[in-house]
Amino acid sequence: MAVVRGKQIEVLFSASTIARRNLELAKEIAAREYHDLLVISVLKGSFIFAGDLIRAMHDVGITPEVEFIMISSYGAGTESGEVKVLRDIDNDVKGRDILLIDDILESGKTLKFTRELMLSRGAKSVSIAVLLDKRSRRQTEVEADFVGFECPDYFVVGYGMDVAHAFRELPFVGVVKGEA
Ligand code: IMP
Ligand code: MG
């Protein structure tokens with residue numbers, strides 16, 4: 001249990017557990033033998049995971065280009081299905097292997113939209129890596145190719161993920177339990 005901002009936070013996935021898993025994920029990605037890989041980090045929640053995963057990818061010999069896209073998200077618990085691009089990538093994706101990196105796959109709306117956008121622009125393939133899969137909340141047919149951990153149906157924070165922009169700095173993934 002950690003105390004941050006006067007709240008008790010239960011650790012769900014520790015920093016060392018995540019680091020070990022990131023290296024395994026990098027090896028799984030390396031085994032696919034992508035050609036001319038373009039990694040796209042889906043902001044904002046994926047920024048820490050993407051930063052760690054691409055360095056783990058370097059450690060296993062992958063040399064991707066890296067880009068960022070910001071997609072609007074209505075967060076957990078809302079039923080709105082509207083997804084749109086707030087900040088687009090600069091690169092041309094035509095004919096390229098793309099790896100989208102995001103923090104959580106929940107309803108799947110964000111990643112379904114982003115994958116279809118890249119395919120419509122002529123990407124050769126679009127794979128998906130997520131730190132967490134909240135499978136029980138899925139509303140679309142989207143599946144990730146690389147999953148760090150199956151996530152229980154809690155609202156989680158840390159390692160890039162927030163509540164109202166707070167708690168992103170935590171080096172672990174946790175659940176807010178209430179006042180400390
Ligand atoms: P969806 O798959 O389109 O429903 O959207 C998933 C996005 O919602 C993720 O990329 C996160 O930004 C956000 N999200 C979903 N669940 C959580 C959570 O438990 N904590 C923080 N953000 C979440
Ligand atoms: Mg997100």
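Student: What makes the pair R135 and E150 a salt bridge?
Tutor: In this predicted model, the closest N and O atoms of R135 and E150 are 3.5 Å apart. The cut-off is a Lys or Arg side-chain nitrogen within 4 Å of an Asp or Glu carboxyl oxygen, so the pair counts as a salt bridge.

Student: Which parts of the chain does the pair link?
Tutor: Distant ones: R135 is in the loop between β7 and β8, while E150 is in strand β8, 15 residues apart.

Student: Is E150 buried, exposed or in between, and how do you know?
Tutor: E150 has a relative accessible area of 45%. Buried means under 20% and exposed over 50%, so E150 is partly exposed. R135, at 43% relative accessibility, is also classed as partly exposed.

Student: What makes E143 and R135 a salt bridge?
Tutor: Their closest N and O atoms are 3.2 Å apart. That distance is within 4 Å, so this pair is called a salt bridge. E143 counts as partly exposed, with 37% relative accessibility.

Student: Which residues are linked in a network of salt bridges?
Tutor: The network is made of D133, R135, R138, E143 and E150. A search of the whole structure gives 21 salt bridges.

Student: How do you know that K124 forms a salt bridge with D97?
Tutor: The closest N and O atoms of K124 and D97 are 3.7 Å apart. The limit is 4 Å, so the pair counts. K124 is in the loop between α3 and β7 (125–133) and D97 is in strand β6, so the salt bridge ties together parts 27 residues apart in sequence.

Student: Why is D97 called buried?
Tutor: Its relative accessible area is 5%. Buried means under 20%, so D97 is buried.

Student: What about I54: buried, partly exposed or exposed?
Tutor: I54 has 23% relative accessibility. The buried class ends at 20% and the exposed class begins over 50%, so I54 is partly exposed. I54 lies in helix α2 (residues 47–59). Its C-alpha atom is 9.1 Å from that of N22, and the two residues are 32 apart along the chain.

Student: What makes a nonpolar surface patch of F155, V163 and V176?
Tutor: The members of a patch need over 30% relative accessible area and no salt bridge, and nonpolar side chains are joined within 5 Å. F155, at 43% relative accessibility, counts as partly exposed, and 43% is over 30%, so F155 passes the area cut-off. The patch made by the three residues is about 220 Å². F155 is in the loop between β8 (146–150) and β9 (156–157).

Student: What surrounds ligand 1?
Tutor: The shell has 14 residues, and the closest are D103, E106, S107, T110 and V156. By class, the shell holds 4 nonpolar, 4 polar and 6 charged residues.

Student: What makes D103 a polar contact of ligand 1?
Tutor: A polar side-chain atom of D103 is 2.6 Å from an oxygen atom of ligand 1. The cut-off is N or O atoms within 3.5 Å, so this pair is a polar contact. A side-chain N or O atom of T110 lies 2.7 Å from an oxygen atom of ligand 1. A polar backbone atom of V156 is 2.6 Å from a nitrogen atom of ligand 1.

Student: How much of ligand 1 does the protein bury?
Tutor: Ligand 1 alone exposes 490 Å², of which the protein buries 89%.

Student: Which elements give two or more residues to the shell around ligand 1?
Tutor: They are β6 (97–105) and α3 (109–120). β6 gives the most, with 3 residues.

How values were computed. Residues numbered from 1 in each chain as written. Chains lettered and ligands numbered in written order. Predicted model: local features only at pLDDT ≥ 70, side-chain atom pairs only at ≥ 80, totals over all residues. Heavy atoms only, no water. Patch = residues over 30% accessible without salt bridge, like charges linked within 9 Å, V, L, I, M, F, W, Y side chains within 5 Å. Areas by Shrake-Rupley, 256 points an atom, 1.4 Å probe, with all protein chains shown as cover. Helix = DSSP H or I, 4+ residues; strand = E, 2+ residues; numbered from the N terminus. Buried < 20%, exposed > 50% of the residue type's maximum accessible area, 1.4 Å probe, protein only. Near = heavy atom within 4 Å. Polar contact = N/O pair within 3.5 Å; in protein donor to acceptor, adjacent residues only side chain to side chain. Nonpolar A, V, L, I, M, F, W, Y, C, P; charged D, E, K, R; others polar.
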